[in-house]
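Hi,

Here is the structure I said I would pass on. Have a look at it first, and then read my notes below.

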Amino acid sequence: MIQAETLELLEWSRLCQQVATFAATKLGTIAARNLVIPKHISVSLNLLAQTKEVYDLETRLTGGLSLDGIEDFGDALERAAVQGMLSGKELHEIATTLAGMRKLRRTIESAENIPVLQGLVADVRTYPELEQDIYHCIDDRGDVTDRSSEKLADVRVKLKGLRDRIYKLLNSLIQRQANAIQQPLITQRSDRFVIPVKASHKDAIPGVVHDTSGSGSTLYIEPHQIVNLGNQLRQLQRQEQREIELVLTALTAKVTEVVDDLEHLLVVATTIDLATARARYSLWLEANPPRFIDRAATEYINLRQLRHPLLLWKHRHEEGAEVVPIDLSIRPDIRVVTITGPNTGGKTVTLKTLAIVALMAKVGLFIPAREPVEIPWFDLILADIGDEQSLQQSLSTFSGHIRRIGRILDAIGEGETGNTERVEGDEDIPIQNPQSTIPNLSSLILLDEVGAGTDPAEGSALAIALLQYLADRAMLTIASTHYGELKALKYQDSRFENASVEFDDVKLAPTYRLLWGIPGRSNALSIAQRLGLNPEVIENAKSQVVLGATQAVNETIAGLEAQRRSQETKANQAGALLRQAEAFYLEVSQAATQLQAREQELKLNQERAIQAAITGAKGEIAQVIRQLQQGPQTAQAAQQATSALDGLNNRHLPAKSIPKPPPGFNPQVGDRIRIPKLGQTAEVLTKVDDSGNLSVKFGIMKMNVALVDIESLTGEKAAPPPKKSAAKVPGKATPAAAVVAIRTSKNTVDVRGQRVMNAETEIERAIGQAYQSGIMWVIHGKGTGKLREGVQEFLSHHPQVDRFELAGEKDGGGGVTIAYLK
C-alpha cells in the first residue's frame with residue numbers, strides 16, 4: 001500500500017503517460033502506461049541494455065526503428081484458442097503483424113553490437129506461409145476475396161446479376177410512376193430493396209411496406225414485381241455468407257495451430273516497442289544511461305545537473321518556467337541528508353526528483369543528468385511528501401504524516417519480526433531467525449517536513465529519533481525540515497550530512513540551487529514580504545524576533561553562505577581561465593593541424609608540378625629527338641640538340657630546387673653537378689676513381705672530368721679524394737697546375753678518308769675523351785683541302801673549343817689541326 005501511495009505522491013502515472021506518447025503500437029502504449037517496477041536488479045540491467053541498444057539504433061538508422069504494421073490481436077488469439085472464428089479484419093491484422101515483425105527482425109539481425117535485441121528476436125517465428133494465405137483470401141478492408149473460393153466467386157457473380165435485374169426493374173418503375181415517388185432513389189430496408197412512395201399514392205405501386213418515415217408521409221415499399229427476386233437474393237446472400245465462413249474457419253484453424261508462437265511474437269513486439277519508447281523518451285530528455293553503484297564499495301552517488309522530467313515536460317510543452325538543475329554527490333558513508341532552507345525554495349522538488357529518477361533507472365529509463373550518472377539500485381523507494389490531512393478520516397496534518405511514516409517503517413522492517421519454525425514434538429513456537437534482524441539497507445526514504453504539524457520541541461525530538469532510527473535501517477534517507485536541532489546532527493554523527501536551498505538576500509527570492517555542507521535559513525519573514533504580506537505586519541514581526549541563540553546561528557550561517565559565494569566566484573573565475581586556456585590550446589592545436597595539412601598539400605602540389613614538368617620535358621625531349629632523326633644528321637645538328645636539352649634541363653630543374661649538399665661535397669652517382677669551365681650542368685654516372693676522375697653526362701654527351709673541375713649546384717667545391725702515401729718528386733708540377741701537351745691515342749682522332757658529316761661525329765666523341773688533357777689533334781690529311789675546311793668550320797662553332805691551328809711540320813703540318821679546349 002505504501003509503495004502505491006509513494007507512486008501517487010511522485011506523480012509516476014504522469015511520467016508513464018509521457019513515455020507512452022513515444023510508443024509506436026497500441027501494445028507498447030498500454031505497456032508504457034503501466035510500467036512495471038522490477039524487484040530484481042538483473043531485470044533493471046536487462047531493461048537498461050535494451051534501452052541502450054535501441055537508443056544506438058535510433059541514432060544510426062534513418063527514421064529510427066520501424067514497427068509499422070504491428071497490431072494488437074491478443075483478444076483474437078484467445079478466441080481462436082477456444083475454437084472461435086476470427087473475422088477478416090482480425091486475420092488481416094495478424095498478417096500485417098507477421099510482415100512487420102519479419103521486417104523488424106531483419107533490421108535487428110543486420111545491425112551490429114546489439115546482442116540483447118538480437119537475442120529477443122532469435123526465436124521469433126513469422127510464418128510467411130500463413131501470411132500469404134491470409135493475404136490471398138482477405139483484402140486490405142478485411143473482406144473475403146473472390147479468389148479465396150470458386151463457389152464464393154460463382155455466388156457473387158449470380159448476386160451481381162440479380163441485383164442488376166432488381167435495379168433495372170425499380171428504375172423502370174420509378175420512371176413510370178414519377179408522380180407517386182417521393183424521391184427518385186433506390187434504398188434498402190431490412191436487407192430488401194425499396195423505393196420511397198408518397199403515402200397518398202401507395203395504391204399506385206402495390207407491394208410490401210417495410211418502413212415509414214417519421215412524419216408518415218413516405219412509405220418504403222418493395223414492389224410486388226421484385227419480391228421473388230428479393231427472396232432469391234436473400235438465398236444467394238446466405239450462400240455467400242456460408243462460403244465466407246468456410247474461408248474464415250479454415251484460416252482460423254491455421255492460426256490456432258501456431259497460437260503459442262503468435263503470443264510469443266506479440267510479447268517480443270511489445271518488449272521492443274516499450275524499449276523504443278524508453279529510448280525515444282530518454283533521447284527527448286537529453287538524458288544519459290545510469291550505472292548502478294555499490295555503496296558498500298565506497299562509490300559515490302553522482303547526479304550532476306539533475307532535472308525533474310515532469311518539469312522538463314512542462315517547460316517544453318506547456319511553456320513552464322526554466323528548470324534549474326541540482327547537483328547530488330553523496331558519499332558512501334552518508335545515510336541521512338537533512339535539507340533546510342526557505343519555503344518555496346525547492347526542498348520538496350529535490351526529494352521528488354531523486355525519487356523519480358531512482359524509479360526511472362529501475363524501469364530502464366535514462367536519467368536527465370550529466371554523465372557519469374551513478375546511483376544505487378534501491379529495492380524500496382518510499383516517500384512521505386505533502387499534506388495527509390483528511391476530514392473524512394478525522395486526520396490532522398500531523399496524524400496523517402505519522403500514519404504514513406508508520407507504514408514506511410513497517411515496510412522496511414518486515415524482515416525484523418522473525419520467522420516461525422516448527423520444533424519437533426512441540427507446538428509452533430516462534431523462533432527468532434538471526435538473519436531477520438538484518439535491516440533493509442537497500443531502501444530510499446524521503447520525508448518532507450519531518451516532525452512538522454505539532455509542538456516544535458516535541459516535533460524536533462521525534463524527527464531526530466526517526467532519522468537516527470532510519471540511519472540504522474535504510475541505505476539513504478533524505479529529509480527536509482525547518483528544525484534547527486536537525487542541523488546539528490551532522491556534527492554528532494558522521495552518517496549525517498547537511499544541505500540547503502539557496503536564497504538570494506538581495507532579490508528576496510530563492511534560486512532553487514542545492515548547496516551541500518551548509519545548513520540553510522528559513523527566511524520566513526523575507527518570503528512573507530516577497531509574497532506580499534502587509535509591510536506593517538512584517539515590521540512588527542521583525543521587532544518580535546529575539547536576538548538569541550537562533551539569531552546567532554542564522555548570522556553564522558549567513559557568514560558561511562557569504563564565504564561560499566566568494567569561493568564560488570573565485571572558482572568560477574578560475575574555471576573561466578581554465579576554459580580560456582583550453583580554448584587557446586585547442587586553437588593552437590587546430591592551427592598546427594592546419595599548418596601540417598597545408599604543408600602536406602604544398603608538398604603534394606610540388607610533386608604534381610614536378611611530375612607535370614617531367615612529363616612536359618619528356619615530350620619536348622622526344623620532339624628534339626624526332627627533329628634530330630628527321631633532319632640532316634650532322635655534328636652541328638647534334639650540338640644544337642644538346643643545347644636544346646640543356647635549356648630544358650635548366651628550365652625544368654632549376655638550381656634552387658636542389659637541396660644544398662652537406663659541407664665537403666662528395667658527388668654520388670645520380671647527383672647533378674656543375675662544370676664551370678664548360679658552363680654546363682651534368683649528371684654523375686660513376687664514382688670518383690683512384691686518379692680523381694669521374695664520368696658525367698650532359699645532354700647526350702658523356703665525358704670524363706677531373707674532380708677538381710666540378711662543383712655542386714650551390715657552388716661548393718668537391719672534397720678531394722684521400723691522398724695515397726707516396727713520395728713527392730721535388731719541383732714536379734701537378735696536373736692541376738699545368739696541362740702537359742702530350743699526344744696520345746685519347747686526344748688524337750684520325751678522320752682521313754671520311755665524309756665531313758662522319759668526321760664531325762668522330763670529332764664530337766673525341767672532344768669528350770680529350771677534355772681532361774685540354775688539347776686534341778685532328779688528322780684530316782691534305783688532299784684537296786675540303787675535309788680540312790669542314791673540320792675547321794666545325795671546330796670554330798664548337799662551344800668547348802677555345803682556338804685551333806695547323807700543326808707544325810714535325811707533327812704533320814697542313815694535314816693535322818690542333819684544337820685547344822676550354
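Let me start with a helix towards the end of the chain. Helix α22 (residues 786-796) lies across β23, β24 and β25, and its direction makes about 155° with that of β24. Before I go further, please keep in mind that this is a predicted model.

The sheet under that helix is an open one with 4 strands, in the order β22-β23-β25-β24, and its pairing is mixed. At its edges sit β22 (748-750) and β24 (801-806), each of which pairs on one side only. From one strand to the next, the twist averages 20°. Inside the sheet, strand β23 (residues 775-779) and strand β25 (residues 816-821) run antiparallel and are joined by 5 bridges. If you want a spot to click on there, I779 stands opposite V816 in β25. There is another helix to look at here: α21 (residues 756-770) lies across β22, β23, β24 and β25, running at about 150° to β23.

Now for the whole chain. How many helices and strands are there in the protein chain? There are 22 helices and 25 strands. Of the 822 residues, 41% are buried. Taking contacts between residues at least 6 apart in sequence, 66% join residues that are at least 24 apart.

**Another sheet**

There is also an open sheet of 4 strands with the order β5-β9-β6-β7, again with mixed pairing. Its edge strands are β5 (290-293) and β7, and each of them pairs on one side only. Ignoring direction, neighbouring strands in this sheet are turned by 30° against each other on average. Helix α13 (residues 347-362) packs on this sheet and touches β5, β6, β7 and β9, with its direction at about 85° to that of β9.

Strand β6 (residues 301-306) is a handy place to follow the pairing. With β7, β6 runs antiparallel, joined by 4 bridges, and L303 has L328 in β7 as its bridge partner. With strand β9 (residues 370-376), β6 also pairs in the antiparallel sense, over 2 bridges. Here the bridge partner of R304 is R370 in β9.

Which residues of β7 are on its covered face, and which on its uncovered one? In β7 (residues 326-330), I326, L328 and I330 make up the covered face, while D327 and S329 make up the uncovered one. Why the every-other-residue pattern? Because side chains in a regular strand alternate between the two faces of the sheet.

**Helices packed on α11**

Next, helix α11 (residues 259-285), which I looked at with two partners. The first one I'll describe is α4 (residues 41-60): the axes of α4 and α11 come within 8 Å and cross at roughly 70°. So α4 is roughly perpendicular to α11, and the crossing is right-handed. On the α4 side the contact is made by L47, Q50, T51, V54, Y55 and E58, and on the α11 side by T271, A275, T276, R278, A279, R280, S282 and L283. Sorted by class, these residues are 6 nonpolar, 5 polar and 3 charged.

The other partner is helix α3 (residues 26-33), which packs against α11 at an angle of about 65°, with the axes 8 Å apart. This crossing is right-handed as well. From α3, the residues in contact are L27, G28, T29, A31 and A32, and from α11 they are L266, T270, D273 and L274. That contact has 5 nonpolar, 3 polar and 1 charged residues.

**One more helix pair**

Lastly, have a look at helix α6 (residues 88-110) and helix α8 (residues 128-137). Their axes come within 9 Å and cross at roughly 140°, so α6 and α8 are oblique to each other. The crossing of this pair is left-handed. The contact involves L91, H92, I94, A95, T96, L98, A99 and R102 of α6, together with P128, L130, E131, I134 and Y135 of α8. By class, the contact has 9 nonpolar, 2 polar and 2 charged residues.

Happy to talk any of this through.

Cheers

Technical notes: Residues are numbered from 1 along each chain as its sequence is written. This is a predicted model: local features need pLDDT of at least 70, side-chain atom pairs count only at pLDDT 80 or more; totals for chains, interfaces and linings use all residues. Side-chain values use heavy atoms; hydrogens and water are left out. Axes are lines fitted to C-alpha atoms, for helices over the stretch in contact, and angles run from 0 to 180 degrees between N-to-C directions. Angles under 35 degrees count as roughly parallel, over 145 as roughly antiparallel, 65 to 115 as roughly perpendicular and the rest as oblique. A crossing is left-handed if the near helix is turned anticlockwise from the far one by less than a right angle, and right-handed if clockwise. Contact means heavy atoms within 4.5 Å. Ala, Val, Leu, Ile, Met, Phe, Trp, Tyr, Cys and Pro count as nonpolar, Asp, Glu, Lys and Arg as charged, and the others, Gly among them, as polar. Buried means under 20% relative accessible area, exposed over 50%, partly exposed in between (1.4 Å probe, protein chains only). Two strands pair if DSSP finds at least two bridges between them.
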